[in-house]
Amino acid sequence: MLNSSSHRLWICTRCVRRVTWPGTTATSILQQRRWETTAAAEATRSSTPADHHVSSRHDDAVLRHLFDAPSGGLSFPSFSLKKSQGLFKNRYLTSPDGFFVFAQKNLEKATRLVQRVLSASTTEDYRGVVKDLDRLSDLLCRVLDMSDFVRMAHPDVRFQQAAAGAWSMVYQYMNQLNTMTGLNDQLGKALSLPEVTSAWSDEEKTVAELLKLDFMKSAVNLPKRARDRFVELSSRISDVGSAFVQGMEPEIKEVMLPSHRFYGLYPGLAATLKIRSQISIATTGPESAAALQSVYDEETRKEIYLAQRTASHSTIERLESMLKLRAELANLAGFESHGHMALKDRMMAKSPASVMKFLLALRNHNAPIVQQELLELTEKKRERLAMPEVDLQAWDRDFYMEKVRAEMRSRVRHEDQLTAFFSVGTVMQGLSRLFDRLYGVRFIPREALPGEVWHPDVKRLDVVSDDGEQLAVLYCDLFYRPQKSPNPAHFTVRCSREILADELNEATEDMVSATPIFDSPESAANDGMETSQRDGKLNQLPTIALVCDFPKNNSAREPAFLSYYSVETLFHEMGHAIHSILARTSFQNVSGTRCATDFAELPSTLMEHFAADPTVLSLFARHWKTDRPLSYDLVQERITLSKRFEGIDTEHQIILAMLDQAYHSPQVTNLSFDSTRIFHEIQHKFAHGPKDPPGTSWQGFFGHLHSYGSTYYSYLFDRVLAERVWRIVFKGGDDQAAISRENGERLKQNLLKWGGGRDPWRCLSDTLKDERLAAGDEESMALVGSWGIKDHHQSS
């Protein structure tokens, strides 16, 4: 019922593209770090710059200064010697010891709620079951969400350890609940009573169905012996999966050859790798990737490539063990395969067949693009070798892609000219201006109370609407520091949810106790964290932490600057944040990004289009010193370079998504299951480019099989959807459509504000005004795939 992997922490699909797998070259990573699909087309059109000045309603100069002042920002005196007011203003968390008290208090409240649900007997009791179960989930997630964040992001090891202890306490309790048949039975009883369900709101009905599905996936309806086996399998899958990811290694760990065979290798790198007359290069990592890009000798590239694409036998054994355990677990829970089980829960693609419909349609759309790119690379090889009949091989691809890019790169202006237009404060100011124009919300800096933030670099922003209502609290931890995770992430520390009258009564009673001290029952009901009251309803406000690792500028005279890729990263993460901010639901189970997993990346991927739009850039992209506006030609050149082989990149992702589907299909239970054979079959059947030779086993390096099992297609799916929304709703940025309030409201009212409380296919259908999507069936998935990702070749 209560899923610890709900969408609290978002490590984005952008991080999928940041991971360097063996066989991924440095240049292909550059391509993956691209400005998304709109920019090349926009470079050919003129755009009227938007008025970059601030709205007359407010002055956002303080916002820019907050992040651009020396030493990482304006120095609010948050880290004083005054008494701590608690992390995120949570009054329990004034010290590490508070985590135990916080967890214990929430478990006591949760136990009372469990008893209330189990004792429900009247119609009125059953009408309250969904609200009670949602609040039960919220009580547990208050601890889990907070602890997840603190143990990963807090610099103080005492807080990390205390958070880990609280997390373990609550997680164990949650696992006990997931084996209780009584809660499932009571929810089923409530769902069976028309006089109960008729009194529920649509959102309430959605939450009820989601909770029922969670119970089913927990195997709570199975006999005790089967439930015990389910728990055992779940634990083994976690252990084996972690061992697979952590133990991924090649069969051959290094390639050592005479140094003359490495002619063309970047000189500085060659010097560091040379041992006497030999060069030794690690099979995995950036050195081998660089060699595939630069070494002229084809046989040397082939030897490196084969070693790089062949996982060790033990790695393959761990992978196949994980896949077989998942298959057994799914069968035990009553599903045909792990893919069927995973796609049953909060997914737009409701079955593996639907996923394949999408992938095949997308492959068909991408085919002429990738074929043209491969033809260009083949011609490049034939021209260089003066051999008109020679074919392109798998180990040639990165070498000739880099040659093409190098010719383009010589004409591109240096990156440092661009960064001067993207100080951190300038970009944050631009995001606030964009959201103000689209949705009528903006960022207002607020001084943090003592103990409210976990590091002096962290800045608090209140998200405020046109009429002055506070909508959310956003904590920005944007700068690099040692031991901090390098992956950009969006954390929902506290979800949106309506606080009910009986909770206020309970909070009033709690205030009698000595600690912690609260100012009011409203404050006590949300642990001291921010609330809002409107139309007679009290709501806990979304509380969000945005974590990045942007480099600081040690100069006292200059702000910190962002690269192109970092600007896009910040826009992407803010896409998640604005979804959490605007989707303020009454039930926490469907608030913000707690929606369909293959829908959750749409708002963030869409924001990448805004980051590449000239009108949006004109809102803020000005030289930090001279205030000179950015010339869009600088952007256009960089985008053209990064998108040069987008078709090849898309095909690579399609093959990975198909492989993910095959590895979580019913065939895994066959005694003859062979992950290597399946990998080669899929490549030979669906890839247009040169294939891996027999004997290779690259699938052993596909670490995302552990975390994205049967849902890896979501990355491509949301790229296509984002492209379509950008083209249809925002007219591809033409005529300042990217900053139109009318267009922003269309997206907000039809899609963003619903969170997971409405069928995502209906949200998408209404947003695009395309009833063909409303059914959400296999044909709907195929239609989405037919739209493709590139700007041209668009189908209707």
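The legends below describe close-up views of a predicted model.

**Figure 1. Surroundings of Glu530 in the loop between α23 and β10.** Helix α23 covers residues 521-525 and strand β10 covers residues 531-534, with Glu530 in the loop between them. Glu530 counts as buried because its relative accessibility is 16%, and buried means under 20%. Leaving aside neighbours within four places in sequence, Glu530 is in contact with Lys89, Arg460, Gln470, Val473, Gln540 and Leu541. With one of these residues, Arg460, Glu530 forms a side-chain polar contact of 2.9 Å. Val473 is 57 residues from Glu530 along the chain, and the C-alpha atoms of the two are separated by 7.7 Å.

**Figure 2. The second largest pocket.** The space in this pocket comes to about 1000 Å³. The pocket is lined by 36 residues, and those closest to its centre are Leu582, Arg584, Thr585, Ser586 and Lys753. Several elements give two or more residues to the lining, among them helices α7 (129-153), α24 (564-582) and α32 (741-750) and strands β9 (497-499) and β11 (537-540). Helix α11 gives the most to the lining, with 4 residues. By residue type, the lining of the second largest pocket has 18 charged, 10 polar and 8 nonpolar residues.

**Figure 3. A salt bridge within helix α7, between Arg142 and Asp138.** Side chains of opposite charge can pair when their charged atoms come close. In the pair formed by Arg142 and Asp138, the closest N and O atoms are 3.0 Å apart. The two residues lie 4 residues apart in helix α7, about one turn of the helix. Both Arg142 and Asp138 are buried.

**Figure 4. A salt bridge between Asp527 and Arg494.** The closest N and O atoms of this pair are 3.0 Å apart. Asp527 lies in the loop between α23 and β10, while Arg494 lies in strand β8 (residues 489-494), so the salt bridge ties together parts that are 33 residues apart in sequence. Asp527 and Arg494 are both buried.

**Figure 5. A network of salt bridges that includes Arg142 and Asp527.** The residues linked in this network are Arg112, Asp134, Arg135, Asp138, Arg142, Arg494, Arg497, Glu503, Glu506 and Asp527. The pair of Arg142 and Asp138 from Figure 3 belongs to the network, and so does the pair of Asp527 and Arg494 from Figure 4. In total, the structure holds 58 salt bridges.

**Figure 6. A salt bridge in helix α29, between Arg677 and Glu681.** The side chains of Arg677 and Glu681 meet at 3.0 Å, N to O. The two residues are separated by about one helical turn, because they are 4 residues apart in helix α29 (residues 675-686). Arg677 is partly exposed, with a relative accessible area of 34%. Glu681 is also partly exposed, with a relative accessible area of 42%.

**Figure 7. His455 in the loop between β5 and β6.** Strand β5 covers residues 441-446 and strand β6 covers residues 459-465, and His455 is found in the loop between them. The side chain of His455 reaches the backbone nitrogen of Asp457 at 3.0 Å. His455 counts as buried because its relative accessibility is 18%, and the limit for buried is under 20%.

Notes: Residues are numbered from 1 along each chain as its sequence is written. This is a predicted model: local features need pLDDT of at least 70, side-chain atom pairs count only at pLDDT 80 or more; totals for chains, interfaces and linings use all residues. Side-chain values use heavy atoms; hydrogens and water are left out. Buried means under 20% relative accessible area, exposed over 50%, partly exposed in between (1.4 Å probe, protein chains only). Contact means heavy atoms within 4.5 Å. A polar contact is a pair of N or O atoms within 3.5 Å; within protein, one must be able to donate a hydrogen and the other to accept it, and residues adjacent in sequence count only if both atoms are side-chain atoms. On a 1 Å grid over the protein atoms alone, a cavity is a set of points where a 1.4 Å probe fits but cannot get out, and a pocket is an open set with protein on both sides within 12 Å along at least five of seven lines; lining residues have an atom within 4 Å of a point. Grid points are joined across faces, edges and corners, and a volume is the space filled by probe spheres set on the points. Ala, Val, Leu, Ile, Met, Phe, Trp, Tyr, Cys and Pro count as nonpolar, Asp, Glu, Lys and Arg as charged, and the others, Gly among them, as polar.
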